[in-house]
Amino acid sequence: FGLQFQANNLSVKGNTLEADIENLSFQEKSDFAIQALVADFKLTDKTLALDKFLVQSGNSRIELEGNASFTSLTDYKTAVVNLDIPESVIATQDILFLAPHLLDSIPVTMPRKSRITVASRVRGTMNDLTIEKLSVKTLGSTSLALNGTVKNLTEPDHMSLRMQLTRFFTTARDLRTVLLDSLLPESIQIPDSIELKGNFTGLLK
């Protein structure tokens, strides 16, 4: 186990925390490692400015930038958020290291060496959130692109969605990779490729 940390301009003044973390890295006993963590942020009692955030493991690379304003640190429901996720890559094995039972309750499987590429742009509050862009790519040929709005995100019983699915594309090969055999008996013929577009408006419950 090894930990390295280097930071500039780390300061706490009253209700303001400001830091420029040039590098943080560590090696965990099970061979999970953070090779680099870089962050430049300023947090006050009413604002958060995240000019740069990058975390990189041996298999994943995640970038974030954005800002938020709020009446207090505990009142996250009314916080106004602007978040950009440039194209980032998340490895399945890293997800399962952090949440080993994530897939236990759903009838799908993801190869441990697979990766998920994500890019997104989000604006608004927890009660009225606009997803300007969300794109996801994984496996050999599967991709998803959508935009829309989510209302009452913090109240699942009242949460509503208004989504435009610009494109969903997958192949028979990818489906057979992730779906259990019990869901795809040999009697079912899957087309070589599947492409969907559409809209959804309504409550989740």
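**Two pockets and a lysine**

Strand 5 gives the largest share of the lining of the second largest pocket: four residues. The model is predicted.

Colleague: Why is Lys133 called partly exposed?
Modeller: Its relative accessible area is 36%. Buried means under 20%, and exposed means over 50%. Lys133 at 36% falls in between, so the label is partly exposed.

Colleague: What makes Ala119 a contact of Lys133?
Modeller: Contact means heavy atoms within 4.5 Å. Lys133 touches Ala119 by that rule, and also Ser120, Arg121 and Leu146. That list leaves out residues up to four places away in sequence.

Colleague: Where does Lys133 lie?
Modeller: In strand 8, residues 128-138. Strand 8 also gives two or more residues to a pocket lining, as the next answers show.

Colleague: What is the volume of the largest pocket, and which residues lie nearest its centre?
Modeller: The volume is about 440 Å³. The lining has 21 residues, with Met110, Ile116, Thr138, Leu139 and Val178 nearest the centre. Elements giving two or more residues are helix 1, strand 8, strand 9, strand 10 and helix 2.

Colleague: What makes residues of the largest pocket's lining count as nonpolar, polar or charged?
Modeller: The residue type decides. Met, Ile, Leu and Val count as nonpolar, so Met110, Ile116, Leu139 and Val178 are nonpolar. The lining divides into 14 nonpolar, five polar and two charged.

Colleague: And which residues are closest to the centre of the second largest pocket?
Modeller: Leu48, Ala68, Phe70, Ala79 and Val81, out of 18 lining residues. Its volume is about 280 Å³. The lining divides into 13 nonpolar, three polar and two charged.

Conventions:
Residues are numbered from 1 along each chain as its sequence is written. This is a predicted model: local features need pLDDT of at least 70, side-chain atom pairs count only at pLDDT 80 or more; totals for chains, interfaces and linings use all residues. Side-chain values use heavy atoms; hydrogens and water are left out. Buried means under 20% relative accessible area, exposed over 50%, partly exposed in between (1.4 Å probe, protein chains only). On a 1 Å grid over the protein atoms alone, a cavity is a set of points where a 1.4 Å probe fits but cannot get out, and a pocket is an open set with protein on both sides within 12 Å along at least five of seven lines; lining residues have an atom within 4 Å of a point. Grid points are joined across faces, edges and corners, and a volume is the space filled by probe spheres set on the points.
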